[in-house]
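Welcome, and thanks for taking a look at this chain. Please have the sequence and the model side by side as you read.

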Amino acid sequence: MAHVRASTGTETSRVNCHPFRHGRWLFMHNGGIGGYAQVRRRLEGMIPDHVYQDRRGTTDSELFFYLLARHDLDNDPAAALEATVGEVTAVMSEAGIDEPFRMTTMLSNGTTGYALRHSTNPEPPSLYWQARRDHLIIVSEPLDDDASDWETVPPSHILITGGHGDTALRPFQPPIP
């Protein structure tokens, strides 16, 4: 996994650079939690104690990653993503945030990957994938000029990849606050 850091309001520093790691999990995020400055403190208070001690940076991306530990991440990562997005959007709604929560993410345990494209408005960041002979590539933008070689992950969908080149694309359905 590789990620180029572009700040959406927090300091650009090594501790704020993706991928974030906890145990066997790696996580990257493109997008942003709308109104992050207004909801940051409340969301940080929701991070479980057993993972909070590992938080080093200040980004909404790292915060979201550690919030996944509130849900059964090891046994059902897709459901953990849905539940966490639902919690974050509920906190945003309670705070009266009108800005969208836009995200593409990649979560992997080294065997299975979960690539998500979602937004609370109709404009999620882009996410593409391409299966080649012996590998799968997932990117935010096509790597070449021939976009026809790339599949688009539709909005509010999650692409699940297995260790044997298996892929499944399914709707992403977080609870609506």
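In which loop does Thr120 lie? Thr120 belongs to the loop between E4 and strand E5 (128–131). Keep in mind throughout that this is a predicted model.

**Around Thr120**

With a relative accessibility of 43%, Thr120 counts as partly exposed. If neighbours within four places in sequence are set aside, Thr120 is in contact with Thr89, Pro100 and Phe101. Phe101 also takes part through its backbone: its nitrogen lies 2.8 Å from a polar atom of the Thr120 side chain. For a distance along the chain, take Val85, which is 35 residues from Thr120 in sequence, with 9.7 Å between the two C-alpha atoms.

**Aromatic residues**

Phe101 leads us on to the rings. The whole structure contains 4 aromatic pairs. One of them is Phe64 with Phe101, an edge-to-face pair at 6.0 Å centre to centre and 65° between the planes. Phe64 sits in helix H3 and Phe101 in the loop between H4 and E3, so this pair ties together parts that are 37 residues apart in sequence. Both rings are well covered: Phe64 counts as buried at 1% relative accessibility, and Phe101 counts as buried at 0%. Another pair, Phe65 with Tyr66, is tilted, with 5.2 Å between centres and 45° between the planes. Phe65 and Tyr66 are both buried as well. One aromatic cluster is formed by Phe27, Phe64, Phe65, Tyr66 and Phe101.

**The nonpolar core**

Which residues have the most contacts inside the largest nonpolar core? They are Leu43, Phe64, Leu68, Leu81 and Leu107, in a core of 32 residues. Two or more residues each come from strand E2 (25–32), helix H1 (36–44), helix H3 (60–67), helix H4 (77–94), strand E3 (102–108) and strand E4 (113–119). H4 gives the largest share, 7 residues. Apart from this core lies another, of 7 residues, which includes Met28, Met106, Ala115 and Trp129.

Leu68 shows how the parts come together: beyond its neighbours within four places in sequence, Leu68 is in contact with Phe27, Leu73, Ala80, Leu81, Thr84 and Leu107. Thr84, for its part, is in helix H4 and is buried, with a relative accessible area of 0%. A polar atom of the Thr84 side chain lies 2.8 Å from the backbone oxygen of Ala80. Not counting residues up to four places away in sequence, Thr84 touches Phe64, Leu67, Leu68 and His71.

Is Glu94, another residue of helix H4, buried or exposed? Glu94 counts as exposed, at 56% relative accessibility. Its C-alpha atom is 9.5 Å from that of Val39, although the two are 55 residues apart in sequence.

**Strand E2 and its partners**

E2 is mostly covered, with 6 of its 8 residues buried. E2 runs antiparallel to strand E1 (residues 20–22), and 3 bridges join the two. Phe20 has Phe27 as its bridge partner in E2. The hairpin of E1 and E2 has 2 residues between the strands, and Gly23 takes a positive phi near 55° there. E2 is also antiparallel to E3, joined to it by 7 bridges. Here His29 stands opposite Thr105 of E3.

**Salt bridges**

Side chains of opposite charge can pair when their charged atoms come close. The structure holds 7 salt bridges, including the three below.

| Salt bridge | Closest N and O atoms |
|---|---|
| Arg55 and Glu44 | 2.8 Å |
| Arg70 and Glu87 | 3.0 Å |
| Arg170 and Glu82 | 3.5 Å |

Arg170 lies in strand E9 (residues 167–171) and Glu82 in helix H4, so this pair ties together parts that are 88 residues apart in sequence. Arg170 is partly exposed, with a relative accessible area of 29%, whereas Glu82 counts as buried at 13%. Salt bridges with shared partners join Arg40, Glu44, Arg55 and Glu62 into one network. Within that network, both Arg55 and Glu44 are buried. As for the remaining pair in the table, Arg70 is partly exposed at 37% relative accessible area, while Glu87 is buried at 18%.

Terms used. Residues are numbered from 1 along each chain as its sequence is written. This is a predicted model: local features need pLDDT of at least 70, side-chain atom pairs count only at pLDDT 80 or more; totals for chains, interfaces and linings use all residues. Side-chain values use heavy atoms; hydrogens and water are left out. A nonpolar core is a set of buried Ala, Val, Leu, Ile, Met, Phe, Trp, Tyr and Cys residues joined through side-chain atoms within 4.5 Å. Buried means under 20% relative accessible area, exposed over 50%, partly exposed in between (1.4 Å probe, protein chains only). Helices (H or I, at least four residues) and strands (E, at least two) are DSSP runs, numbered from the N terminus. Contact means heavy atoms within 4.5 Å. A polar contact is a pair of N or O atoms within 3.5 Å; within protein, one must be able to donate a hydrogen and the other to accept it, and residues adjacent in sequence count only if both atoms are side-chain atoms. Two strands pair if DSSP finds at least two bridges between them. Rings of Phe, Tyr and Trp (its six-membered ring) pair if their centres lie within 6.5 Å; planes under 30 degrees apart count as stacked, over 60 as edge-to-face and the rest as tilted. A salt bridge is a side-chain nitrogen of Lys or Arg within 4 Å of a carboxyl oxygen of Asp or Glu.
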